[in-house]
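Biologist: I would like to go through the charged pairs here and hear the reason behind each label. Please begin with the term itself.

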Amino acid sequence: MKKRKDIAEELQQIIPGSTWPAETPGYGVPDGYFEQLPGQIMQQIHAQQSAAVAEELDEMGPFLSQMPKQHPYAVPEGYFDTVPGQIMAAIPAANTAKVIPMPAGKGYWKWAVAASVTALIAISTLFFVTSNSTSSMEAQLAAISDQEMMDYLHTYTDDSDPIFANVSLPTSIRQEQYLTDDVPTSAIEQYLENSDLLSEVPSNE
Amino acid sequence: MAISQDDKDLLAIYQQTDTRERGFTLIIQKYQERLYWHIRRLVVDHEDANDVLQNVFIKVWKNLQGFREDAQLYTWLYKIATNESLSFLEQQKRKQTVSLSDVDTGLENKLKADAQFDANKLEWKLQRAILALPEKQRIVFNLRYYDEMPYEEMSRVLDTSEGALKASYHHAVKKIEEFIKNG
């Protein structure tokens, strides 16, 4: 109101004594004009966007631009009326299915205890088995005499075995002692016949 | 681009605890058709489109509280719908790899299984041509040709530069024309 009064005073200063009508006579707008205006402007904007798309398509693909822009898909009658209801019905289920994170620390504590107990059992078992088997092995080895060991090595190994690289066996037990030139061939043949070893050799007859 | 006043009003209704469901229902009613057709053109089958659409809105419900109003609501919705559709197609692809089939063949089979399908009609030929496009080109073509989406907005939906989108649309149009002329 003050603004209008200021303007009226300003006019009086410019042309003293003049009278100016307060309202513009004769001008009017259709009912609901201003309510409809935003929608009409948006329609024009969309029409301009459509025209731009059509123009672009006309340049890129003149054949395609002549085709009616419609797709042949159909939807069941009244489908869109049911969509909001379907979704709102599904939302409580979706909410209850939400994963609730465990309180920090509580879960880790349980896992830590479980891992510690498992590790303790595993280490104890391993220690028990290892120490038992070692002492058992040592006890068995102690019960074997040196002579028995020598005999075993004499029977199942030869001089080229790397195990003898740093070992000097007494000559008394070396194989050469038994297979020297002093042993006659007839004696060897006699031994083989008696021990039945020749029968083990496949015959080529 | 900031959110439109209309969407702001809908979100204001949604933000109130006592009118939250009504606000969300209004959002669904406003966007369901546009999103449905975007999804349907990608997954072809109505039942599949319905499943994806529901998943989209359930995701929106869960994340709408965190929606920043400096973006357009419908750009965000299109983004979710596109991602959900692609995830659905990826799942289909994995299933069909086991049976030594191909997902695009699967989509074409779904197209042919439509009760209204007529191979001689131009609109069905166009759909077959669109399905023959690579996935990204198919999305770009649909958004530009059917939804008449400006490249600027499409760029926000697909996180791709406007130049790349224009090139993609150009290639898609050429391929479709060739497909229809030769097919």
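Modeller: A salt bridge here is a side-chain nitrogen of Lys or Arg within 4 Å of a carboxyl oxygen of Asp or Glu. The model is predicted, and by this rule the count comes to 14 salt bridges over all chains.

Biologist: What makes B:D114 and B:R40 a salt bridge?

Modeller: Their N to O distance is 3.8 Å, and the cut-off is 4 Å, so the pair qualifies. The pair links distant parts of chain B, 74 residues apart: B:D114 lies in the loop between α5 and α6, and B:R40 in helix α2.

Biologist: Why is B:D114 called buried?

Modeller: Its relative accessibility is 19%, and buried means under 20%, so B:D114 falls on the buried side. B:R40 is buried too, because its relative accessible area is 2%.

Biologist: Why do B:E84 and B:K59 count as a salt bridge?

Modeller: The N to O distance between their side chains is 2.4 Å, which is within 4 Å, so the rule is met. B:E84 sits in helix α4 and B:K59 in helix α3 of chain B, 25 residues apart.

Biologist: How do you know whether B:K59 is buried, exposed or partly exposed?

Modeller: Its relative accessibility is 39%; that lies between the limits of 20% and 50%, so B:K59 is partly exposed. B:E84, at 13%, counts as buried.

Biologist: And what makes B:D159, the salt-bridge partner of B:K79, exposed?

Modeller: The relative accessible area of B:D159 is 60%, and exposed means over 50%, so the label follows. B:K79, at 25%, is partly exposed.

How values were computed: Residues numbered from 1 in each chain as written. Chains lettered and ligands numbered in written order. Predicted model: local features only at pLDDT ≥ 70, side-chain atom pairs only at ≥ 80, totals over all residues. Heavy atoms only, no water. Helix = DSSP H or I, 4+ residues; strand = E, 2+ residues; numbered from the N terminus. Buried < 20%, exposed > 50% of the residue type's maximum accessible area, 1.4 Å probe, protein only.
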